[in-house]
Structure formats: structure tokens, C-alpha cells
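Please work through the following exercises with the sequence and the three-dimensional structure open beside you. Try each task yourself before you read its solution.

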Amino acid sequence: MTGDRRLGTADRPSLPSAIVFDSPFVHAMTNEKWKMTNGKFVLQSSLSHGLPPLAALLILLCSITSFAQEKKCTLKLADLPASPELFGFQLGMTTEQAKSRVPQLKFGRVDSFGVSKTSINPDFDPRIDKASLNGVRTVSLDFLDGRLTSLWFGYDSTFKWATVPDFVSGISQSLHLPDAWRPWKIRGQQLSCADFEMTVIIVAEGPSFRINDQAAEGTIAARRAAKEEQNSAAEAAAAEIIADKQTRVYYLDGCLPAQEIKEADRVAFNSKGEAEKAGYKLAKSCQ
Amino acid sequence: MAAQLNDSNQSRGTILVVDDFDDTRLLLRTWLQKKGFRVVEAENGNRAIAAAESSHPDLIIMDVEMPELDGLAATRKIRELKGLAAVPILAVSAYGADQYRDHALAAGCNEYLSTPFEPDELERLIRALIK
């Protein structure tokens, strides 16, 4: 059964954090235990069945290579079909399309990075048609520049797939996903594909399932980094000019006074113009 | 003997719930309100700092992994704030205690709870942290 096979592979810790030497073929040949030490695979006991060490090493390398090959998802968001488990939502849809799906949706303000969020709680919001979101406790929707980039479902305990393995098996069939899920956090599973990522864990006896647009995540991270850089530059520029109230002299960054200005006498300006307007003169050492 | 958290309308204090998933916040809020707590929410570390400053909670339940500013970084910043250095912070994460407990405590959290957890376990920790 597909689900069982998926569970079997998913139960293996992912490379390279833990024991991964798990190929049935190699087990049958060597019956050995391996562990990861200082980034290398270490054989814990000597080989049995008379297998030469070099042969065992070759088998190990082949096993790791094939393991890595089978654990890959090259799908893109555009490849994903509509799925009944996503209840008409799809990454990439616009705010208008989401609103036509659930007219009661209210969007939060768009932040300085272009992100807006909203959520739906069918059990707690009497305006929502519960029948059209059967088994769903919460849907969280994140938009970037008006397009859906994160879809996060909190299904309740009545949802048809109650365990992580069942959910992974079911959603994989529904969305035509490859068998490339990996363990994630405690008892969770994660699938990383070309431009999206999915995670499943159990929260309050129901699956918690998230699909993230990775390109959008990158865009948000880049915008956040640019803003932080801008803020840092502004702070640095603001901190460039300090002046001494006693001597009425100001100093630029890189030509600080020989003696540190006492805290009580120290004053900062955002620009040379501001300092001069306040009656301060540039220190000779800075000219 | 420590006081039990009984279902009641009487406020037993304010708890700031920090988690990026609305569903988790919804579940915790519902449960905590039923237990008689006033609940304040934040969806990331930055908002948690602002909410902690404005609401001065009796306890913070802090998710570890969040966008913008994660739970541990937020905890470090909260610890630097006047009046919040001693507020109990319970870190919650889907990572195992073996991996994260020490990091959480080093960041300034008072306790660590791995999800999924039983409500009884959360209740026990709340009782221990809010005295």
C-alpha cells in the first residue's frame, strides 16, 4: 500500500542529522549499525557475514545516493491540481478570488512589506458556511502583493485523515505529490518541492497542514533585510555627528575628540547642517 | 497546595499567547479563557514585545519558531525591558525538548513544553509559573 511505504521511508531521520543507514538491501547484507559522528558515518561494530569492508562501503554509497534520489520533489506550484481538501483555495489566487470563495473574509492591513493576513474560523464565526468547510477549524491565509502565498489549515478531529501518515498518504494522492516527505519536528512530515513547501503535524487531535510559496518567502525576507539595512544606515548616519556643549565643537565619525566628551556635555545631530544651525563648529581635527 | 485552575468568569490573570498560527492561538485562547484568564495575542516576536509592554502579562506562552522575530529572540528582548525581566515565559515548540529546552532556558524562558501536549501538562506548568 502506498501509504505504508510512505510511512516507512518517512520514519527515517533525514540526512545528515541521524541514523540513515536504513536500506533493507544493505541491512540484509551487513546487519550492522551505523551512526553519524562529526559529520561522518561510523560503523559501530565490525562487519558480519564476511563482507569485505570495501564492498560494504560501495553498497553504503549506492544506498545513500539512491536514498537521496528518491527523496526529491521537483513539482512547482503551477503543477498542483485543485484539491477538495483545500476547499477551493489555491496558492497564487488573488484577494478578490479568495473573497469570492468566502465573501465574509476581512483582510488585515497590508504591512510595509506588502503582506496581509486573514483567517477563517467556521466553528467560531456564525457568518461562515460551516458545511462548505467541513472538518476545518481554522484557515489562515497570507497574501503578498495581493496574491495568496501561504495557506494553513487547522483541521478538527472529525477530518477524514486523523493521523500524519494518513494525511500524507491522502494529500499526496489528491495533489499528485511524489513520495519525498521527510520527518519534521516531532512526528511531523515535510515536503520540499521546487518552489513550495508543505508541512503536516497534529494539533489538538487534527492535522495542521501548511503550504508555503517559497519564492514569496524569499521576497519577504529580502524586503525585510533591505528595510533593516535602511534602518541601520539611518541609525549610523544619525550617530555620525556628536558635539561638545562646552566647546561648541562638533565631530564627525572617524575623527572623534582626543578626550571623550562627558555624557552631560555630549549632544548628537543628524547632519552637519543641523549642528551648525545650532551654533556648533566643525572640530579642526575633522577639517 | 497550589490553587487549581477552575472554570470561572473571574480573571485569574493575563496571559500573552504568542504563535504565528491563528488556529493555535484560537485553541489556547478558548481554553485559557475557559480557565478564567484574560488573553492577549501576538503573531510574531515583534508584536509579542509590543503586547508585553502594553499589557504586562502574568505569563507569556511563547512559540519558538515564528517569522520576523522568533520566540527566543523575542524572549531575550523582553528580558531587557523594564518591568518584564521577571515575567514567566513558557516556550512552546514542536521540536523535542532534547533539541530546544536548553536553548529556550538560555534565552530567558522559564520552562519548555513540546507539542503536542496534554492540557493537564499545560495547566500544571501555568500553576507552577503563576504564583
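Two residues are in contact if their C-beta atoms, placed from the backbone, lie within 7 Å. Keep in mind throughout that this is a predicted model.

**Exercise 1. Contacts of one core residue**

Task: Leaving aside its neighbours within four places in sequence, find which residues Ile61(B) is in contact with.

Solution: Begin at Ile61(B), and set aside the residues within four places of it in sequence. The contacts that are left are with Ile15(B), Val17(B), Val18(B), Leu28(B), Leu90(B) and Val92(B). Next, place Ile61(B) in its wider setting: the largest nonpolar core has 71 residues, and Ile61(B) is listed with Ile60(B), Met62(B), Leu90(B) and Ala91(B) as those with the most contacts inside it. The element that gives the most to this core is strand 8 of chain A, residues 196-203, with 6 residues. There is also a second, separate core of 6 residues, which includes Ile241(A), Tyr250(A), Tyr251(A) and Ala275(A). As background, nonpolar side chains tend to be buried together in soluble globular proteins.

**Exercise 2. The two sides of a helix**

Task: For helix 4 of chain B, work out which residues are buried and which are exposed on the other side.

Solution: The helix covers residues 97-107, and in it Tyr100(B), Ala104(B) and Ala107(B) are buried. Looking down the axis of helix 4 of chain B, one finds its buried residues within an arc of 60°, so they line one face of the helix. On the other side of this helix, Asp98(B), Asp102(B) and Ala106(B) are exposed. Now ask what covers the buried residues of the helix: the cover includes helix 3 (71-80), strand 4 (89-93) and strand 5 (111-114) of chain B. Finally, step just past the end of helix 4 of chain B, where Gly108(B) takes a positive phi of about 120°.

**Exercise 3. Three strands in a row**

Task: Follow chain A from strand 6 to strand 7 and on to strand 8, and describe how each pair is joined.

Solution: Strand 6 (residues 182-184) and strand 7 (residues 188-192) of chain A run antiparallel and are joined by 3 bridges. One bridge to locate is that of Trp184(A), whose partner in strand 7 of chain A is Gly188(A). The hairpin of these two strands has 3 residues between them, and in this hairpin Lys185(A) takes a positive phi near 50°. Moving on, strand 7 and strand 8 of chain A also run antiparallel, with 4 bridges joining them. Here Leu191(A) has Met198(A) of strand 8 as its bridge partner, and the hairpin that joins the two strands passes through 3 residues.

**Exercise 4. Where the chains touch**

Task: State how many residues of chain A are in contact with chain B, and then describe that side of chain A.

Solution: On chain A, 16 residues are in contact with 11 residues of chain B. The elements that give two or more residues to this side of chain A are strand 4 (136-144), strand 5 (147-155) and strand 8. Sorted by class, this side of chain A has 7 nonpolar, 7 polar and 2 charged residues.

**Exercise 5. A residue after the last step of the trace**

Task: Decide whether Lys284(A) is buried or exposed.

Solution: First locate Lys284(A), which lies in the segment after strand 13 (281-282) of chain A. Then count: Lys284(A) has 8 other C-beta atoms within 10 Å, and because a residue with 12 or fewer is exposed, Lys284(A) is exposed. Lastly, Lys284(A) and Tyr250(A) are 34 residues apart in sequence and 9.5 Å apart in space, C-alpha to C-alpha.

Notes. Residues numbered from 1 in each chain as written. Chains lettered and ligands numbered in written order. Predicted model: local features only at pLDDT ≥ 70, side-chain atom pairs only at ≥ 80, totals over all residues. Buried ≥ 20, exposed ≤ 12 C-beta atoms within 10 Å, placed from the backbone. Arc of directions from axis to C-beta. Core = buried A, V, L, I, M, F, W, Y, C linked by C-beta atoms within 7 Å. Pairing = 2+ DSSP bridges. Nonpolar A, V, L, I, M, F, W, Y, C, P; charged D, E, K, R; others polar.
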